[in-house]
Amino acid sequence: MIKIAFCDDKHEVISYMDTLMIKMEIGSTLDWDLFMSGGELLSYLKKTDKTFHIYVLDIEMPGLNGIDIARNIRKSDKNAVIIFLTDYKEYVYQVFEVLPFRFLQKPVEMKLLEQTLNEAIRHIRQSQTLFFFQVGHEEFQIPFGEIIYFEGAGRKIVLHTLSESIEFYGKLNETWNQLNHELFTR
């Protein structure tokens, strides 16, 4: 499941983004959390040791602005997709150091948000930083850097990490096609 963090200091914007996510067709394959300030988001990340795949950040906020938040995120997660929300075009040149994925101008249209999130999800999957697999009806992902090897066991695949082994149904050939061949050998 792809995890998204929305951060904006305006309650009406956060509420609107939540409503858009609920209405979108892709919303059922996503999990999202809402934050009213950069401090709240960074505190949550530090306290829970949780990360998100996609961050949708307002650039202009009191205290920590979106660029400051993105700088903090980049210190620990170089692969996160960062999307900025803004009313202000003058920030565009200041954000290049944090490598944003896209900009969305407020008020955000549902169709544009959905298109941008679909492109971000496609980017995450194509950049091959995560391996996605399913156990039962639940979808999981694990960073490639944590995977030691895969093992075929009949109709199951066993994914081995330093700390655990996870079994899921699949074929070794299909798993091989999902992997970054620069990181794995067969």
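Which residues are buried in α1? They are Val 13, Ile 14, Met 17, Leu 20 and Met 21. These residues cover an arc of only 125° around the axis, which puts them on the same side of α1. The model is predicted. Its five strands form an open sheet, and helices α1 and α3 are described below with the strands they touch.

**The sheet**

- The strand order is β2-β1-β3-β4-β5, and the pairing is parallel.
- β2 (30–35) and β5 (102–105) stand at the edges. Each has a single partner strand, so one side of each is left without a neighbour in the sheet.
- From one strand to the next, the twist averages 20°.

**Strand β3 and its neighbours**

- Five of the five residues of β3 are buried, so the strand is largely enclosed by the rest of the structure.
- Ile 54, Val 56 and Asp 58 point one way from β3, while Tyr 55 and Leu 57 point the other way.
- Why two directions? In a regular strand the side chains alternate between the two faces of the sheet.
- β1 and β3 run parallel and are joined by four bridges. Phe 6 has Val 56 in β3 as its bridge partner.
- Five bridges pair β3 with β4, again in the parallel sense. Here Ile 54 stands opposite Val 81 in β4.
- To get from β3 to β4, the chain crosses through α3. This β-α-β crossover is right-handed.

**Strand β4 and the β5 edge**

- β4 covers residues 81–86 and pairs with β5 over four bridges, in the parallel sense.
- Leu 85 has Leu 104 in β5 as its bridge partner.

**Helices on the sheet**

- Helix α1 (residues 11–23) packs on the sheet. The strands it touches are β1 (2–7), β2, β3 (54–58) and β4.
- The direction of α1 makes about 170° with that of β2.
- Helix α3 (residues 66–76) also packs on the sheet, touching β1, β3 and β4. Its direction makes about 155° with that of β3.

**A closer look at α1**

- α1 has 13 residues. From its first C-alpha to its last it reaches 18 Å, close to the 18 Å expected at 1.5 Å a residue.
- Which exposed residues does the face turned away from the buried side of α1 carry? That face carries His 11, Glu 12, Ile 22 and Lys 23.
- So α1 has its buried residues, including Met 17 and Leu 20, on the same side. Exposed residues, among them Glu 12, sit on the face turned away from that side.

How values were computed
Residues numbered from 1 in each chain as written. Predicted model: local features only at pLDDT ≥ 70, side-chain atom pairs only at ≥ 80, totals over all residues. Heavy atoms only, no water. Pairing = 2+ DSSP bridges. Helix = DSSP H or I, 4+ residues; strand = E, 2+ residues; numbered from the N terminus. Axes fitted to C-alpha atoms, helices over the stretch in contact; angles between N-to-C directions. Contact = heavy atoms within 4.5 Å. Buried < 20%, exposed > 50% of the residue type's maximum accessible area, 1.4 Å probe, protein only. Right-handed = clockwise from strand over helix to strand, strands pointing away. Expected span 1.5 Å × (residues − 1). Arc of directions from axis to C-beta.
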